[in-house]
Every structure is written in C-alpha cells, then in structure tokens.
Amino acid sequence: MASLVSSAALVFSVKRCDPEFVRPAKPTPREVKQLSDIDDQEGLRFQVPVIMFYPSNPLMKGKDPVKVIREALGKALVYYYPFAGRLIEGENRKLMVDCTGEGVLFIEADADTTLENLGDAIQPMCPCFEELLYDVPGSGEILGSPLILIQVTRLRCGGFVFALRLNHTMTDAPGLIQFLNAISDMAKGLSAPSISPIWQRELLNARNPPLITRIHHEFEEVNNTNKTLMAMDENNLVHRSFFFCPKEIRALRNQLPSSLGPCSTFEVLMACIWKCRTIAFVVDPDKVVRFTCVINIRGKRGFDLPPGYYGNAFLCPASITKAGMLCTYPLEYAIRLLKKAKAEMSKEYVKSVADLMVIKGRPLFTQPGNYLVSDVTRVGFEDVDFGWGKAVYGGAARALSMISFCMRFENRKGEGNVIPICLLPLVMERFEHELKRTTNEVKPNGPITSML
C-alpha cells in the first residue's frame with residue numbers, strides 16, 4: 001500500500017475565460033420531467049467532481065480540444081436536453097427537471113504547465129483541482145442552478161484536462177459515461193449518439209400505495225450518537241489517495257481461509273479499509289458501525305432497465321456490526337458481512353427503497369458510524385475519447401468525509417486500485433499505520449479465487 005502524496009512544490013497558473021452557457025445545438029422540447037424516487041433522495045443532492053487528463057496526440061495537431069468539445073457538447077445536448085435544464089422541487093420534495101434549454105456551464109482555460117510537470121498530481125486527490133475546475137459563484141445549488149459545469153484546460157504540451165461537476169440527482173457514474181461518450185461520438189463526426197438515451201424514470205418510482213418490505217440499515221435513525229463515529233468537518237480534513245498494487249492485494253487474500261470461497265478484489269479491499277478506518281477512529285466497542293456498498297442494477301437480470309437508461313440506478317445496502325467485533329475479528333468477518341448485505345439486493349429491495357423515500361420524505365443516508373464506498377473500477381472514465389485517445393487518468397476528483405471511490409490506477413508500481421480517503425489529521429495517522437500493518441501481514445490459509 002502506498003499513499004500518493006503530490007509534491008507541494010507544484011505551482012502553475014491557469015488563465016480562464018469567462019464562464020459561458022453551452023445550449024443544445026437545435027431546438028429541444030420545453031417540458032417538465034420528473035426524476036425517479038431513487039434519483040431525488042437526500043443522499044444524492046450534492047455535486048460530484050470528475051477529472052480526466054489527456055496527453056497530446058500528433059494526429060490531432062491543429063485541432064483545439066476546447067472548440068471540439070464545446071461544439072460536440074451542444075450537439076449531444078440535443079439528445080440529452082434535460083441536462084440543459086434546471087431542477088425544481090414539487091410536493092413532498094419531489095424533484096423535477098424544468099427543461100428550459102438554458103444550457104450547461106462551460107469554461108475555456110489555459111495552463112502554463114505540461115502533463116509531465118503535473119506528475120504525481122494526476123490522481124484522485126489532485127491538489128490543483130480548484131484551478132482545473134473553477135467553482136463559479138452561485139452555480140453549485142441543487143435547485144435552479146446549471147446541472148453540469150465543465151472546464152477544458154489546454155496544457156503547454158498539447159494535452160488537456162477535462163474536468164466536470166455534476167448534480168448527482170441527475171445520473172450516476174455509468175449514466176455520466178453514457179453522456180460523455182455521446183459527446184465523444186459527436187466530436188468524431190457521428191450524427192447521433194451510438195447509444196440512444198432513455199429517460200423513463202418512472203421505472204424506479206415508488207408503488208401506489210408505497211410499502212416498505214425490507215430492512216434498510218442504510219436509512220436507520222440513530223438517536224444516541226455519544227462515542228459514535230460521526231461525520232467530520234469537511235474544512236479540517238487530510239486528503240490522501242491510497243494505491244493498492246497486486247502484491248498488497250495478495251497479502252490481504254493470504255489472510256483469508258479457503259472456506260470463505262471466491263472474493264472480489266473490491267470485497268477484500270473494502271473489508272480492509274472499513275476495519276482499519278474503524279480502528280483509527282477508536283470507536284466505543286459496543287457502538288454500531290456500518291459500511292454502505294454501492295450496487296448498480298443496470299444490465300442485471302430481473303431489474304428491467306432498458307439499455308440507454310441514464311438515471312441513478314444503484315442502491316446502497318449497508319453491513320452493520322459492533323465496532324469491537326469488526327476491529328478484533330479476522331478480515332474474513334468483514335467480508336462475510338459485505339457479502340451478506342450484497343445478497344439482499346433484489347427487485348423487491350429496490351421497490352422497498354423507492355417506497356421508503358416517499359413514506360419518509362426522502363431521508364439522508366445514516367451518518368453516525370457509516371462509511372460509503374462506490375466501486376467505479378469498471379465504469380470507464382479513462383476510456384472516454386474525444387479524439388485525442390484515452391485519458392492517462394479519469395475518475396472521481398476527490399472523496400468526501402464519509403464517501404470514497406475505488407478506481408483503477410496505474411503508476412510506477414504498475415496497475416492497481418486507488419482509493420481516495422478524507423480523515424482528521426490524527427485519525428489519518430492511525431489509519432495509515434493500521435493499513436500498513438494489515439497489508440504486510442501474511443497468513444497463508446489456502447488459495448482464494450478472484451472473481452475479477
């Protein structure tokens with residue numbers, strides 16, 4: 001395990017043009033479209049930053065990435081016109097898109113640096129992110145603001161950085177990739193996206209009448225929060241990215257008994273992170289902690305979502321246990337808890353969550369003692385090609401206090417997984433120590449077959 005810490009000496013300037021609105025290139029329907037009851041839950045009412053770094057391509061000499069992407073964006077918005085609208089809120093906090101055609105915010109910029117000079121800054125916790133995606137004042141509200149903000153920054157070497165901020169209620173990572181690939185299609189001269197967008201948000205709406213039929217630990221109310229792991233102040237956090245190469249993943253697998261059966265890399269890593277993070281917080285052993293795992297239902301049998309659906313299509317079942325048991329039991333214990341929570345996923349579970357949203361007023365995920373991680377290793381941010389080829393890095397720009405992302409990453413140690421994490425300074429110190437100790441342990445217990 002290596003902590004990816006960027007050089008503090010990295011200094012460069014960015015010259016930005018005034019933000020502008022990119023509107024659909026052709027007239028689009030003026031209508032109001034409801035989001036689903038999965039889309040508009042409180043836990044998704046925030047902005048998600050994404051960043052992608054592209055090298056120079058001799059075949060694109062004379063082409064301006066800003067111009068290419070801006071024009072392609074306008075063409076793609078003809079098909080994805082809800083992104084050019086604004087959110088409004090109706091009865092029972094129901095979110096809807098007012099398809100006004102006002103457009104998405106777009107910023108043209110130039111940086112006096114190169115991709116090579118950025119070096120270790122090309123990672124999830126990019127220390128220069130604020131320069132590469134300017135937070136336009138007044139643009140970040142959930143209601144009445146642009147749903148997408150994009151900044152394309154040219155680099156001296158001929159490469160560029162594509163950074164984006166998304167209102168999460170509109171779509172999830174696979175849905176965003178579908179939209180970005182539509183921009184890519186337009187940039188390459190296609191007359192229409194290769195995948196036709198499907199709205200149909202009613203597919204993930206509550207039943208009438210709504211009825212909660214499953215236990216949802218991810219939305220439980222916690223009244224006694226004394227000595228419980230709580231959400232942290234976002235302004236007092238240390239931001240680090242942790243890279244796991246095959247050697248460290250093997251060391252974790254070697255601690256597992258063969259009787260556990262096949263385990264995915266994500267399950268192994270999340271069990272390790274959850275356990276080490278809980279130890280680092282020194283939680284009361286009798287307090288309940290939970291791990292919330294994001295499970296996407298797109299393309300899975302029995303869920304009836306058509307190809308091209310670009311709404312939020314994931315659920316977050318939670319594993320729960322007492323902190324003392326998680327911290328003292330072997331890694332196998334945490335993995336079994338994760339597998340049990342994932343096994344709860346079914347069409348009925350999805351409907352029960354949608355019904356819960358309507359019945360309980362679209363609550364936030366449980367915060368005390370919770371930690372949520374989204375696996376985006378297979379989403380394909382790095383594969384989005386605007387004509388210059390694949391990105392050298394593409395994915396989430398940073399983590400939040402209780403939300404992290406697991407992404408594919410390649411550095412000098414080879415290819416592996418990177419997980420950005422935010423913690424209080426002293427907690428981060430304990431976490432790094434515990435993580436190093438855990439990934440260095442080798443306790444052969446027979447072979448474990450990877451599902452990857």
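1. Helices and strands here are DSSP runs, counted from the N terminus, with at least four residues (H or I) for a helix and at least two (E) for a strand. With that naming, W199 sits in the loop that runs between α4 (173-187) and β11. The model under discussion is a predicted one.

2. Overall make-up. The chain contains 10 helices and 19 strands. Its radius of gyration is 22 Å, close to the 22 Å that the globule rule gives for 452 residues, so the chain is as compact as a globular protein of that length. The C-alpha trace spans about 60 × 55 × 40 Å along the principal axes. Of the 452 residues, 57% are buried. Where contacts link residues at least 6 apart in sequence, 82% of them join residues at least 24 apart.

3. W199. Although placed in a loop, W199 counts as buried, because its relative accessibility is 13% and the cut-off for buried is under 20%. Beyond its neighbours within four places in sequence, the residues in contact with W199 are K33, Q34, L35, P82, V97, M170, Y309 and Y310. One of these, Q34, has its backbone oxygen 3.2 Å from a polar atom of the W199 side chain. A further long-range approach involves G311: the C-alpha atoms of W199 and G311 are separated by 7.1 Å, with their positions 112 residues apart along the chain.

4. The sheet β4-β7-β6. Which strands stand at the edges of this sheet? The sheet is open, has three strands in the order β4-β7-β6, and is paired antiparallel. The edge positions belong to β4 (32-34) and β6 (86-89); each has a single partner strand, so one side of each is left without a neighbour in the sheet. On average, and ignoring direction, neighbouring strands in this sheet are turned by 35° against each other. In general, the strands of a sheet pair through backbone hydrogen bonds, and the pairing may be parallel or antiparallel.

5. The β6-β7 hairpin. Four bridges pair β6 with strand β7 (residues 95-98) in the antiparallel sense. Among the bridge partners, I88 is matched with M96 of β7, and E89 is matched with L95 of β7. Five residues lie between the two strands of this hairpin. In the turn, N92 has a positive phi of about 60°. The sheet can also be tied to point 3: Q34, which falls within β4 (32-34), is one of the contacts of W199, and so is V97, a residue of β7 (residues 95-98).

6. Strands β11 and β19. These two strands run antiparallel and are joined by seven bridges. Strand β11 (residues 238-244) is mostly covered, with five of its seven residues buried. F243 has V418 of β19 as its bridge partner. Is N417, in strand β19 (residues 414-423), buried or exposed? N417 counts as buried, because its relative accessibility is 7%. Its contacts outside four places in sequence include F242, F243 and F244, and these three positions fall in β11 (residues 238-244). N417 is also in contact with I249, T265, L269, T377, C406, M407 and R408.

7. D385. This residue is found in the loop between β16 (370-375) and β17 (393-396). A polar atom of the D385 side chain lies 3.2 Å from the backbone nitrogen of W388. Not counting residues up to four places away in sequence, D385 touches S184 and K188. Of that pair, S184 belongs to α4 (173-187).

8. Cysteines. How many disulfides does the model contain? The count comes to zero, with a cut-off of 2.5 Å between cysteine sulfur atoms. A disulfide is a covalent bond between the sulfur atoms of two cysteines. For C17, the closest cysteine sulfur is that of C157, 19 Å away, which is too far for a bond. For C245, the closest is that of C272, at 13 Å, also too far for a bond. As to surroundings, C17 is partly exposed, with a relative accessible area of 38%, whereas C245 counts as buried at 7% relative accessibility.

How values were computed: Residues are numbered from 1 along each chain as its sequence is written. This is a predicted model: local features need pLDDT of at least 70, side-chain atom pairs count only at pLDDT 80 or more; totals for chains, interfaces and linings use all residues. Side-chain values use heavy atoms; hydrogens and water are left out. Buried means under 20% relative accessible area, exposed over 50%, partly exposed in between (1.4 Å probe, protein chains only). Contact means heavy atoms within 4.5 Å. A polar contact is a pair of N or O atoms within 3.5 Å; within protein, one must be able to donate a hydrogen and the other to accept it, and residues adjacent in sequence count only if both atoms are side-chain atoms. Two strands pair if DSSP finds at least two bridges between them. Axes are lines fitted to C-alpha atoms, for helices over the stretch in contact, and angles run from 0 to 180 degrees between N-to-C directions. The radius of gyration is taken over C-alpha atoms; the globule rule is 2.2 Å times the number of residues to the power 0.38.
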